[in-house]
Amino acid sequence: MEVSGLPAELWQLILSYLHLPDLGRCSLVCRTWYELVLSLDKTRWRQLCLGCLEHRHPNWPNQPDVEPRSWREAFKQHYLSSKTWTKNTQDPESSNCLSLFRRRKGRRRLCVGAGGEFGSLRAALAAASPYDRLVLLPGVHEEQSEVLLKVPVEIVGQGKLGDVALLVSVDQHCPTARLCNVVFMPARFTSVLYKTTSGYVQFDNCNFESGQLQIHAPGTCQVKFCTFSQSSIYLRSVALCILENCEFTGSENASVTVEGCPSSDRNWACKHLAVLAKSCTASMREPDPADCPMAKQDGSGELLLGPVRTCEIVVGEERSSLLSAAGGQALLGSAQEDSEFGENLQAAKEEEYPILDSNSSDSDLHSDDEEDAQATYQLPYQGHSLSHTLADIMDNRLQSNRLHALQKDLKLKSLQQELQQDKEAQSLANSLQGCIVRQCLFRDGKGGIFIYSRGQAKLEESIFRDLTYAVRCIQNSKVIMLRNDIHHCKASGIFLRLSAGGLIADNNIHSNSEAGLDIRKGANPLVLCNKIHSGLRSGIVVVGNGKGIIRSNQIYGNKEAGIYILYNGNPAVSGNHIFQGLAAGIAVNENGRGQITGNVICENQWGGADIRHGGDPVLRNNLISCGYSDGVVVGERGKGLIEGNAIYGNKGCGVWMTSSSLPHLVNNQISHNSIYGVAVFCRKDDAGDYPPSQGGSESFQEEREGAGGENDPNSEEEHPAARRPISVALVELNSINHNGAAGLHVKSSEALNIIANVIHANRNGGVAVLQSSQLTRIANNSISCNSRGGVLVEAECQVELRGNGIYENSSHGIVSKGEGVIVENDIIGNHRCGLQLLQAADMKVTKNRIQSFQDYGIALLDEAKGLVQENLIFQGRSKKSILRPMSNAEDCVIQNNMLLTFKKRGRMASIVHLPALLCPFPP
């Protein structure tokens, strides 16, 4: 038959009047007719799908206003799943086709109820043959005792859902059964509505009120388009079952309970359910890392976050601003290089050294030619051991490019990328065991799903809201959660403990009263690519030897720490974006540990990372930026290895630590923070002295009692920091530059080692030691181009300055009012004195190379005392004194120093050893 004889629109109108069997026959005529039948998707196929009393909207109950991709495909899936119960055959000698044919030919329709053939369900079951259909007429059907279902039948309610109510307790003893379009209510003698211990049961479009379904292995079930009101499902060791498009409301306990390891004794229906589950699996949707929530308050006062600011930094003479991406790029293009520090320091070609009279004061030194009064001599200092690192800091574009490269390397991965790289996660995502819950709604009750005693469940595209908890998984059980929405729970959204595990991926977990995800007591889940946000407490809590791999998540807008680790919690946290939190990005307290690597931690109200009370994490290669307070806080008794992080653009300090802490701060880039680069303060945290909403009131009594301090049974291989114990806080190999105050600020009551750092171009001094009752060791650092002095040591401070290069600072190289030693330092080209000892300073100054660019090499003032010997002191400007000894102390000894000056013409200089001199020395 030619289709071209009529317009396609007319054919579509004609075909839209056909019933399902006729549509099927027409689609077999030819390809053109097949395509015409397919084109009826939004008309006839939609009518068929919504008009069937056994089905509901394909996206019910979560998105009933959203159309499926294909109405025909949705109808096909509904139809096939409704026929699963008929695929069992008890006659092994007959083929499946013949068995199905015989069933259909001899199948009867038995009516039950007023006006029907049977007055009760029990009577109809007694007369029924296998695969008969029992139609319950509208009304209430009640049985006074338990009904045994011994033959496979289909029980269907006539009319709309709600017209037929069944007050019964059914015990299934047959291999298969189906119930549809019925409201189940408990009988007076039990709350069990239906149970099976061996067979397969299928529920379609039913309501369950105030009762329970019980399925025991090897029994199994398929439940679709059903409503559970104050009702629940209990599954014990079930190998495979499917709960799909169901609504659970008002449960007094868990809506679904899964107990026991999936049985190896599999029901006949398991292979059919597996095929059905695979065919219905939605394609994995990729999360958009750039998907940013909007910042505003909704009608209920809930915090909704704004677009995440991209933090760009401008490196140059002026401090950077924290800008939008566009603004940052514009300024980066116009950034100027630091020309002052980039000069090549060379001696004048014709400079010569005059002979010094051993009886003269260096203040008498002057050039023979008045025209050379302003001549200068600058010493090179590229020979210092850290000078090669200065080139990177001075090259503004190189530093900016490295920051941009780091941001690119830390780009959030999609779930598809994670699954491609992690075979274990891929295996978990594809597994089909235990209970499969898909596109269900759990609301307004106590619990969603409870899994225990090695149970297994897979939850996909479901919504959990307004519950006490959404998912609780304990006792070596396993949960797989993909693309669920979990919000407004009264406690934690997801709770794992007692060695529970599984995969939690691509979920939206938000607005919960406690943690979005709570991991305790040896639980070890894989947490990937979730959005965990807007919680009233922490985003993720890892407590009491909890572990887990937490990777590629967006954690933002939580009122407490984005990730909170304590009581020997030891997760691996990597590749996450943790931002816009109202407290710390990551908090590690109470002997918490963890491997925290490669995360972007930005725009948090408190520290990017907060470590206190025995917290001992490894914090490595993270980008900690744009915070509204300090980048990293190491509080009372905090520990840990803080290595290779970029800490910049924070409105507080780069790193803030107390003197009672023992961190190892190594190889970090600490720059462009508003206050100090690194600050060490002498103060003790009060009990419960947490930043606002940081978790001081969190209840962890069980974990507190069982943590046992440092006696964690895990091996050292899981905690590399344990193999590098240190007894003194160590700041080593860091680049501390362009910060708003001193590069390193020390006010400590404990010993401190500051080794081999590059401290450059900070707005205040390089290093300021304001309080140091125990020795502060400052060795082998490069301290240069800071806006004030290189090193300041206040009175009563104990310091050792050894092997440092102190160059081109805008004020004095070193100013000391304290005590200690200054040995083998290179103090060159500073704009004021190279070394100035004031007040009651008591320093041993030996074997230093000292030159001031415009002022004295060494100045001893007030009551300064000590020993100044074997130093090499150069004159920096003609007619400028090298040494100014004006101290009134009787035991100030100056001896065996080498003083060198220059003139533009004359003989080569000679080095003169001055005899021992006791102060006061004439000016």
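Strands, such as those on either side of a loop, are DSSP runs of E with at least two residues, numbered from the N terminus. With that in hand, let's work through some exercises on this predicted model.

**Exercise 1.** Find where arginine 637 sits, and decide whether arginine 637 is buried, partly exposed or exposed.

*Solution.*
- Step 1: Look between β46 (632-634) and β47 (641-643); the loop there holds arginine 637.
- Step 2: Check the backbone. Arginine 637 has a phi near 60°, which is positive although the residue is not glycine.
- Step 3: Recall the cut-offs: buried is under 20% relative accessible area, exposed is over 50%, and partly exposed is in between.
- Step 4: Arginine 637 has a relative accessible area of 41%, so arginine 637 is partly exposed.

**Exercise 2.** Do the exercise again for serine 511: which loop holds serine 511, and is serine 511 buried or exposed?

*Solution.*
- Step 1: Serine 511 belongs to the loop between β30 (508-510) and β31 (517-520).
- Step 2: Its phi is near 60°, a positive value in a residue other than glycine.
- Step 3: The relative accessibility of serine 511 is 7%, so serine 511 counts as buried.

**Exercise 3.** Which peptide bond is cis, with omega about 0°, and which is cis with omega near 5°? Place the proline of each bond.

*Solution.*
- Step 1: The bond with omega about 0° joins tryptophan 60 and proline 61.
- Step 2: Proline 61 is in the loop between α4 (41-51) and α5 (71-82).
- Step 3: Omega near 5° belongs to the cis bond from alanine 217 to proline 218.
- Step 4: Proline 218 lies in the loop between β13 (212-216) and β14 (220-224).

Notes: Residues numbered from 1 in each chain as written. Predicted model: local features only at pLDDT ≥ 70, side-chain atom pairs only at ≥ 80, totals over all residues. Heavy atoms only, no water. Helix = DSSP H or I, 4+ residues; strand = E, 2+ residues; numbered from the N terminus. Buried < 20%, exposed > 50% of the residue type's maximum accessible area, 1.4 Å probe, protein only.
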